[in-house]
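Visitor: I've got a model open on my screen and I'd like to learn how to read it. Could you walk me through it?

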Amino acid sequence: QRFPLLSWVADARRDKFRFSHLTFQEFLAAEYCAERREDPGFAAEWRRAALRGDDPQGLVDNAWWQQVVEMCCDLAAGGGPTPLGELFFSEPDLRLAGLSDPSASCVAALLKQATRVRKALFARGALSGDGVGVLCDGLRRLDRLVSLDLAQNAIGPDGCAHLAALVARQPGLTSLDLSENKLVRGDLVDASYSAVLDQAAHSMAVSTGRRMLDSFFKADASGLAALLDAL
């Protein structure tokens, strides 16, 4: 079965053509950017377009450029003196609010090529366990990571399991904020215990936290248990 490459559009009596599938357009844009990324003038213009200014937060809401940047990371991997992660994430504190699972893939691709990031602040987002897993694939490549903030997301037990593996690979990570996340499946037996468990987890009172798990929750807490063990 064949699919059309180009679509014909009549606009104000002028014939115009565009790609039938945006993926073709994004790939060609990524190839173009990869070939010219070492040109300082082009790199600066590209960064402003993708970020809609100078703040990496702009990339979170720019879905088309996310796919182009991610493809470009794959095309440029292992080549060139300037990693793409350095172009987009140039500061030691990376703060991205509203991060979701689809945008996590682009961020992770850039993190794999970023060496300056020390604090990753991804609070107030919509990250699930799957999204956290994708992010962790990029975060584990950071040599200087000391702080990770995932507060106010929805990481669940699967996210905890991914974070447990990350903590084991990042001995320099000294701060991990998971406040206002639901870290287990199911509901608390008694909602009044929530603050107690939260305090135990944040104080890294591992033995106390582990004893609480089975008695406070109705469902699987294996991800949180693995994370507490890693801490």
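**Reading the fold from the core outwards**

Guide: Sure, let's begin in the middle. The largest nonpolar core has 58 residues, and those touching the most other members are Trp46, Phe89, Phe122, Leu139, Leu148 and Leu163. Keep in mind that this is a predicted model.

Visitor: Let me zoom in on one of those. Which residues does Trp46 touch, not counting residues up to four places away in sequence?

Guide: Its contacts are Cys33, Arg37, Trp65, Val69, Cys72, Leu84, Leu87 and Phe88.

Visitor: And the overall make-up? How many helices and strands does the protein chain have?

Guide: You'll find 11 helices and six strands. The protein chain has 231 residues, of which 42% count as buried. You can also ask how far along the sequence the contacts reach: among those between residues at least 6 apart, 72% join residues at least 24 apart.

Visitor: Now the strands. What should I look for in a sheet?

Guide: Strands of a sheet pair through backbone hydrogen bonds, and they do so either parallel or antiparallel. Here, four strands make an open sheet, ordered β3-β4-β5-β6, with parallel pairing.

Visitor: Which strands stand at the edges?

Guide: Those are β3 (93-95) and β6 (175-177); each has a single partner strand, so one side of each is left without a neighbour in the sheet. Ignoring direction, neighbouring strands of this sheet are turned against each other by 5° on average.

Visitor: Can we look at one pair? How many bridges join β4 and β5?

Guide: Three bridges, in the parallel sense, between β4 (residues 119-121) and β5 (residues 147-149). To see residues facing across strands, find Leu121, which stands opposite Asp149 in β5.

Visitor: I've clicked on Ser147, which sits in strand β5. Is Ser147 buried or exposed?

Guide: Buried means under 20% relative accessible area. Ser147 has 12% relative accessibility, so it counts as buried. Leaving out residues up to four places away in sequence, Ser147 touches Arg118, Lys119, Ala120, Leu173 and Ser175.

Visitor: On to helices. How do I describe two that pack together, say α8 and α11?

Guide: Ask how far apart the axes are, what angle they make, and which residues meet. The axes of α8 (residues 156-169) and α11 (residues 222-230) come within 7 Å and cross at roughly 20°. Angles under 35 degrees count as roughly parallel, and that makes α8 roughly parallel to α11. The crossing of α8 and α11 is left-handed. On the α8 side, the contact is made by Pro157, Cys160, Ala161, Leu163, Ala164 and Val167, and on the α11 side by Gly223, Leu224, Ala226, Leu227 and Ala230.

Visitor: Let me try another pair. At roughly what angle do α4 and α6 cross?

Guide: Roughly 35°, and the axes of α4 (residues 63-76) and α6 (residues 101-111) come within 9 Å. This crossing of α4 and α6 is left-handed. Gln66, Val69, Glu70 and Cys73 of α4 make the contact with Pro102, Ser103, Ser105, Cys106, Ala109 and Leu110 of α6.

Visitor: While I'm on α4, what about Val68, which is found in that helix? Is Val68 buried or exposed?

Guide: Val68 has 0% relative accessibility, so it counts as buried. Now compare sequence with space: Val68 and Phe27 are 41 residues apart along the chain, yet their C-alpha atoms are separated by 6.6 Å. Setting aside neighbours within four places in sequence, Val68 is in contact with Glu26, Ala29 and Ala30.

Methods: Residues are numbered from 1 along each chain as its sequence is written. This is a predicted model: local features need pLDDT of at least 70, side-chain atom pairs count only at pLDDT 80 or more; totals for chains, interfaces and linings use all residues. Side-chain values use heavy atoms; hydrogens and water are left out. A nonpolar core is a set of buried Ala, Val, Leu, Ile, Met, Phe, Trp, Tyr and Cys residues joined through side-chain atoms within 4.5 Å. Buried means under 20% relative accessible area, exposed over 50%, partly exposed in between (1.4 Å probe, protein chains only). Contact means heavy atoms within 4.5 Å. Two strands pair if DSSP finds at least two bridges between them. Axes are lines fitted to C-alpha atoms, for helices over the stretch in contact, and angles run from 0 to 180 degrees between N-to-C directions. Angles under 35 degrees count as roughly parallel, over 145 as roughly antiparallel, 65 to 115 as roughly perpendicular and the rest as oblique. A crossing is left-handed if the near helix is turned anticlockwise from the far one by less than a right angle, and right-handed if clockwise.
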